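Q: I would like a close look at how strands pair in this model, followed by a walk through the helix contacts elsewhere in the chain. Please take it slowly and give the cut-offs as you go.

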Amino acid sequence: MSDVQRPASITDEFLTRLVARVPGSTGNTWKLTEVYTGEVLVELPQSTPEDIETAYAEARAAQRLWAQWPLKRRLEVFHRAHALLVDNAHTIADLIQVESGKNRRMAVEESCDPPMVISHYLKRAPKLLKPVTRGGPVPVVTTSKEVRVPKGVVGVIAPWNFPFATGLSDAIPALMAGNAVVVKPDNKTALSPLYGIELLERAGLPRGLFQVVCGEGPDVGPTLIDHADYVMFTGSTATGRVIGERAGRNLIGCCLELGGKNPMVVLDDVDADEWAQQALFAVFGNTGQICMAMERMYLPASRYEELKAAFVRATEALVIGATYDFGPEIGSLVSVEQRERVAGHVEDAVAKGATVVTGGRERPDIGPAFYEPTVLEGVTRDMDAGCTETFGPVVSLYPYRSIDEAVVLANDTDYGLNASVWGTDLERAEAVAHRIESGNVNINDGLAAAYAAKGTPSGGVKNSGVGARHGDQGLLKYTDVKNVATVKKPVLGPQPGQDYDAYVKQMLTSLKVMKRLRVR
């Protein structure tokens, strides 16, 4: 561990500048550490409820001016921001790695998410936010205009597993729509979103429009929600319920992307080695710390041993390491606490009769939070690993004897965030995909195909969430609809000298005519 060299870009001066943006009036701090070594990087200020109230006040003041900017002018900021984010991708990846411990590939790919979101909404925002004139109750002389207005200040609560992507990408469409944002990143991973906001301000985003507050959820969450006009949350189902309840009491909307226990159904026509290589990322990407990662794998009984062997070979060939280059394929878990959670799931499964096919060991020789990629058999619903989200490099294998059985097993969960179907016959694979109860289903991929499709909404069903990011919905959710109705000539009621019986007869006749003409 002592040989791990921090990237040259991550200087003490750089880190001090980033965290100076976080309000912390009491002087209380949280020790933000480098995951690979456990060494303290910087003291992160902790925000009080009063600090959060001040952040909202500043955001609201900035938002009133920002909302008056023409949309074209707002979008010009994001044209410039796109270039800055891409040009600084390696520094962003350095920050992501140092604070989260993920491997280099995942860090670079995460840095690409906000530019992808910007590209999509630069094209869609002008159409989505343009007022739409519709027919009124009486054709020609009445109209109704649908006008999109910003919510105000959006509260974003970002998780530690993709701090840069969720901290920025969920805020970008809100800002484009004319809102301000107050984001609360996880204490462990506040550096990359702080740098992202700095880059947005370099691109011309008004200072004060995008605020950052930090602290533990129970300490700062209530104040964050109580002052927001809308809340975007990514995290656990348990916390999502609390946030949803509080948002409901405040009569504000929220979007909640929550946990998953995601299934992979492998059909009997796959090439074993090709599938095994491609499925590795679906299971072990970001060391399994992806809401959409596969934790349950269903293999046809007729080929179970063959497919298991191929996947185990591929798993055992993965390179684990703590470096800031592209060598390691598997990085660290985010913290010692997360490593303990993962180890606890495996130990509970083994104690109750499951078998470790490969892996199942902590790796303190590499770093304090490393855990081997692990494959289990014999996992049942009474085990932690069988029913709750492990959120680590652990997958359970199960045989199935018919497609109907595979679908029943895949759907045997309280969650419904993501699923995966693999097969050579695409028509057959898609038929299976349509039967799986999930907000996202990938065919011949684990998660990237769905998540990277920014034009299509991505969200969960069942206990995996409410609402969605991406697609038109991913921007429109940050707006309210104002109905501006115009009467060009007084016609809504009896005309002078017309009795009400005659008016009613005319109105009922008009309804029949309007139906035939399909007038709305």
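A: Happy to help; the strands come before the helices here.

A word on the ground rules: this is a predicted model, in which local features need pLDDT of at least 70 and side-chain atom pairs count only at pLDDT 80 or more, while totals for chains, interfaces and linings use all residues. Residues are numbered from 1 along each chain as its sequence is written, and side-chain values use heavy atoms, with hydrogens and water left out.

Let's begin with the sheet that has the order β3-β4-β18, an open sheet of three strands with antiparallel pairing. Strands here are DSSP runs of E with at least two residues, helices are runs of H or I with at least four, and both are numbered from the N terminus. Two strands count as paired if DSSP finds at least two bridges between them. In general, strands of a sheet pair through backbone hydrogen bonds, either parallel or antiparallel. β3 (132-135) and β18 (479-487) are the edge strands, each pairing on one side only. From one strand to the next, the twist averages 25°; such angles run from 0 to 180 degrees between N-to-C directions, with axes taken as lines fitted to C-alpha atoms, for helices over the stretch in contact.

Now zoom in on each pairing. β3 and β4 run antiparallel and are joined by four bridges. T133 has K145 of β4 as its bridge partner, and R134 stands opposite S144 in β4. The two strands make a hairpin with six residues between them, and in the turn V140 has a positive phi of about 75°. On to β18: strand β4 (residues 142-150) pairs with it over nine bridges, again in the antiparallel sense. You can follow the register through T143, whose bridge partner in β18 is T486, and through V149, whose partner there is D480.

Another sheet is worth setting beside it. Seven strands form an open sheet in the order β12-β13-β14-β11-β10-β15-β16, with mixed pairing. Its edge strands are β12 (355-358) and β16 (440-443), each pairing on one side only. Neighbouring strands in this sheet are turned against each other by 25° on average, direction ignored. A parallel example is strand β10 (residues 262-266) with strand β11 (residues 294-300), which pair over four bridges; there P263 has R296 of β11 as its bridge partner.

Helices lie across this seven-stranded sheet. Helix α14 (residues 336-351) lies across β12, β13 (374-377) and β14 (394-400), at about 25° to β13. Helix α16 (residues 403-410) lies across β10, β11 and β14, at about 145° to β14. Contact, here and below, means heavy atoms within 4.5 Å.

Next come the helix pairs. The axes of α4 (residues 89-100) and α5 (residues 104-111) come within 8 Å and cross at roughly 125°. That makes α4 oblique to α5, since angles under 35 degrees count as roughly parallel, over 145 as roughly antiparallel, 65 to 115 as roughly perpendicular and the rest as oblique. The crossing is right-handed, meaning that the near helix is turned clockwise from the far one by less than a right angle, with anticlockwise giving left-handed. On the α4 side the contact uses A89, H90, I92, A93, D94, I96 and Q97, and on the α5 side R104, A107, V108, E110 and S111. These residues divide into six nonpolar, three polar and three charged, where Ala, Val, Leu, Ile, Met, Phe, Trp, Tyr, Cys and Pro count as nonpolar, Asp, Glu, Lys and Arg as charged, and the others, Gly among them, as polar.

Helices α3 and α9 pack at an angle of about 130°, with axes 8 Å apart. They are therefore oblique to each other, and their crossing is right-handed. V77, F78, A81, L84 and L85 of α3 make the contact with L199, L200 and R202 of α9. By class, that is seven nonpolar, no polar and one charged. L84, in helix α3 (residues 71-87), touches L199, R202 and A203, leaving aside residues up to four places away in sequence.
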